[in-house]
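Here is a protein to walk through step by step. Keep the sequence beside the picture and find each residue as it comes up.

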Amino acid sequence: MKITLIPLLLLSVLGIKSLLEGAYDSPHQVVDTSGNILRVGANYYIIPNPTTKCSIFSNYKGNNGLVLAKVAANKTFPLDVLVVEGQQLGQPLTFTPIHDQKKGAPVRVSTDLNIEFSMQTSCSQSNVWKIDHFDRATRKWFVTTGGVVGHPSWRTISNWFKIEKYDGDYKLVSCPTFCAYCKVQCRDIGVYEDQNGNKRLALTDAPYKVRFQKA
């Protein structure tokens, strides 16, 4: 009887452990403006919340969105991520989580993921977001492109972002947690207006409050 009970007890413990780990590894699913779950492989617009309290959006008319663009005439590639007005809803993007990359899988909060513009460009580099090198002139870390999807390692640490719940909506965060030995800075993604009037995504202390709309 003892020989039978020990394996059963062990299986019970392992089963509970598995359930607990499953619950821990399954944070809330991200939903779009229609209340539907964000899905891997689907296209979405990242749009600001209409009530965003930020001086640079004082003239918000509901047509702000994110686009790929050059920030200066003398800069070619990679393209940077800008917030612009009058571009309808910007340009569509896709989200690819680190653990479940199959098409149709749900996108969850607090999960390392890649963000990629879906449109084709003449740039030889990818449309995958990454954090650029430190800009000494502005003392900012800007969001640019040229990253890769997947391949988590210290080499790709700047390519990973998170979606977090924020004040009834969402915010974007740079805080990769898949690499236990990597030194990272955890910062919100906000908007910085440069001397040329470009509203650029960057690491800031003021998060950019956003929603996701199906393209």
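Start with Thr 144. Its relative accessibility is 0%, so Thr 144 counts as buried. The cut-off for buried is under 20% relative accessible area. Remember too that this is a predicted model.

Where does Thr 144 sit? Its place is strand E7, which covers residues 143-145. Now look at the side chain of Thr 144. It makes a polar contact with the side chain of Asp 80, at 2.7 Å. The side chain of Thr 144 also reaches a backbone atom, the oxygen of Leu 79, at 3.2 Å.

Next, look at the wider surroundings of Thr 144. Leave aside its neighbours within four places in sequence. Thr 144 is then in contact with Pro 78, Leu 79, Asp 80 and Val 81. Its contacts also include Val 128, Trp 129, Lys 130 and Asp 132.

Step back to the whole protein. How many helices and strands does the protein have? There is one helix, and there are 12 strands. Read along the sequence, the pattern starts with α, and then β follows through to the end. The protein has 215 residues, and 41% of them count as buried. Its accessible surface comes to about 12,300 Å². Carbon and sulfur atoms hold 53% of that surface.

Now consider contacts across the sequence. Take those in the protein with a separation of 6 or more. Of these contacts, 58% join residues 24 or more positions apart.

Turn to the interior. The largest nonpolar core has 33 residues. Those with the most contacts inside this core are Ile 46, Leu 66, Phe 95, Trp 129, Ile 163, Leu 201 and Phe 212. Strand E5, residues 113-117, gives the core its largest share, three residues. Trp 129 is a name to recognise, as it is also in contact with Thr 144.

Follow Phe 212 outward from that list. Not counting residues up to four places away in sequence, Phe 212 touches Ile 46, Phe 95 and Ile 163, among others. Its contacts also include Val 30, Val 31, Asp 32 and Thr 33.

Finish at Ala 202. Its place is in strand E11, residues 199-204. Is Ala 202 buried or exposed? Ala 202 has a relative accessible area of 0%, so it is buried. Beyond residues up to four places away in sequence, Ala 202 touches Trp 141, Phe 142, Val 143, Asp 188, Ile 189, Gly 190 and Tyr 192. Arg 187 lies 15 residues from Ala 202 along the chain, and their C-alpha atoms are separated by 9.3 Å.

How values were computed: Residues are numbered from 1 along each chain as its sequence is written. This is a predicted model: local features need pLDDT of at least 70, side-chain atom pairs count only at pLDDT 80 or more; totals for chains, interfaces and linings use all residues. Side-chain values use heavy atoms; hydrogens and water are left out. Helices (H or I, at least four residues) and strands (E, at least two) are DSSP runs, numbered from the N terminus. Buried means under 20% relative accessible area, exposed over 50%, partly exposed in between (1.4 Å probe, protein chains only). A polar contact is a pair of N or O atoms within 3.5 Å; within protein, one must be able to donate a hydrogen and the other to accept it, and residues adjacent in sequence count only if both atoms are side-chain atoms. Contact means heavy atoms within 4.5 Å. Accessible areas come from the Shrake-Rupley method with a 1.4 Å probe; for residues, only the protein chains shown count as cover. A nonpolar core is a set of buried Ala, Val, Leu, Ile, Met, Phe, Trp, Tyr and Cys residues joined through side-chain atoms within 4.5 Å.
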